[in-house]
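Biologist: Please take a close look at one part of this model, a pair of strands and the turn that joins them, and then set that part beside the other elements described for the structure.

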Amino acid sequence: MARILFFGRLRDVAGCAALELEQCGADLGALRDLLTRDNAALGAALRDQSVRVAVNQEMVAHDASLEGAREIAFMPPLSGG
Amino acid sequence: MQIRITPDRFAPEQELAMFLGDGREDAGACATFTGLCRGGAVRWLELEHYPGFTEARIAAIAERVAEARKLLDLRIVHRTGRIAPGEAIVFVAALAPHRSEAFAAVEALMDYLKTDAPFWKREMRETGAAWIEPTAQDITRRARHKETR
């Protein structure tokens, strides 16, 4: 079981802030494919190079393995201050 | 060092008073910055963060800046949620033996917060909502500080 989180504009595209998946795939590529099946716009948005990903609250590369992943966060460009 | 992310309105002058409250004899300079919600076309701002992750990322950068700039103390307060024009969004204060390090630390931290701290900001305008992303200038400014890379 893994929890997928969407922040900022990605939440609008996903239509929710979070969802739970029984199986999230072996790596991020597989997870993006899985999420694209139900929502093509989300698939495209998640593939944008500006989107950063954290697994279990650690920043990871775009093709990272999801072994042991409990929480996967997709983050569009950050902007505080 | 204190880092606080809060949905509650805060008073920058009270933050400064608390920050300086202890009165340290080794301090020679305190620099602060307060970012405000600008009005005009914007009715209000909405700021979102990633609980736990946002605090940890900011703390890691703050520790690096504090060490590189030899700060004696540091405070960062950042609002989340709905913020009205005129309200403070962010407050950064740095205490150092000399002013150049205090100024430099505040500037480095603000340039980092603008581009790399996990916050997402949306402006609510008369015409609808718009997500705000860092500008090219924000990214260039951030690249000048080696301690936050």
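Modeller: In this predicted model, strand β7 of chain B, residues 119-125, pairs with strand β8 of chain B, residues 128-132, and the two run in the antiparallel sense over 5 bridges. β7(B) and β8(B) form a hairpin with 2 residues between them. Within this pairing, B:Arg125 stands opposite B:Gly128 of β8(B). As general background, the strands of a sheet pair through backbone hydrogen bonds, in either a parallel or an antiparallel sense.

A residue of another strand leads back to this part of chain B. B:His78 belongs to strand β4 of chain B, which covers residues 73-79. Because its relative accessibility is 0%, and buried means under 20%, B:His78 counts as buried. Leaving aside residues up to four places away in sequence, the residues that B:His78 touches include B:Phe119, B:Leu113, B:Ile89 and B:Val90. Also among them are B:Arg4, B:Ile5, B:Thr6 and B:Leu47, together with A:Gly80 and A:Gly81 of chain A.

B:Leu113 takes part in a helix contact as well. Helix α2 of chain B, residues 53-68, and helix α3 of chain B, residues 99-115, have axes that come within 10 Å and cross at roughly 155°. Angles over 145 degrees count as roughly antiparallel, and α2(B) is therefore roughly antiparallel to α3(B). The crossing of α2(B) past α3(B) is right-handed. On the α2(B) side, the residues in contact are B:Arg57, B:Ile58, B:Ile61, B:Ala62, B:Val65 and B:Ala68; on the α3(B) side, they are B:Glu101, B:Ala105, B:Leu109, B:Tyr112 and B:Leu113. Sorted by class, the contact between α2(B) and α3(B) comprises 9 nonpolar, no polar and 2 charged residues.

Chain A also has an antiparallel strand pair, here set within a described sheet. The sheet is open, with 5 strands in the order β2-β1-β5-β3-β4 (chain A) and mixed pairing. Its edge strands are β2 (18-21) and β4 (58-60) of chain A, each of which pairs on one side only. On average, and with direction ignored, neighbouring strands of this sheet are turned by 25° against each other. Strand β3 of chain A, residues 52-55, runs antiparallel to β4(A), and 3 bridges join the two. In this pair, A:Val55 stands opposite A:Glu58 of β4(A). Helix α2 of chain A, residues 28-38, lies across β1 (2-6), β2, β3, β4 and β5 (71-75) of chain A, and runs at about 75° to β5(A).

Methods: Residues numbered from 1 in each chain as written. Chains lettered and ligands numbered in written order. Predicted model: local features only at pLDDT ≥ 70, side-chain atom pairs only at ≥ 80, totals over all residues. Heavy atoms only, no water. Pairing = 2+ DSSP bridges. Helix = DSSP H or I, 4+ residues; strand = E, 2+ residues; numbered from the N terminus. Axes fitted to C-alpha atoms, helices over the stretch in contact; angles between N-to-C directions. Parallel < 35°, antiparallel > 145°, perpendicular 65-115°, else oblique. Left-handed = near helix turned anticlockwise from the far one by under 90°. Contact = heavy atoms within 4.5 Å. Nonpolar A, V, L, I, M, F, W, Y, C, P; charged D, E, K, R; others polar. Buried < 20%, exposed > 50% of the residue type's maximum accessible area, 1.4 Å probe, protein only.
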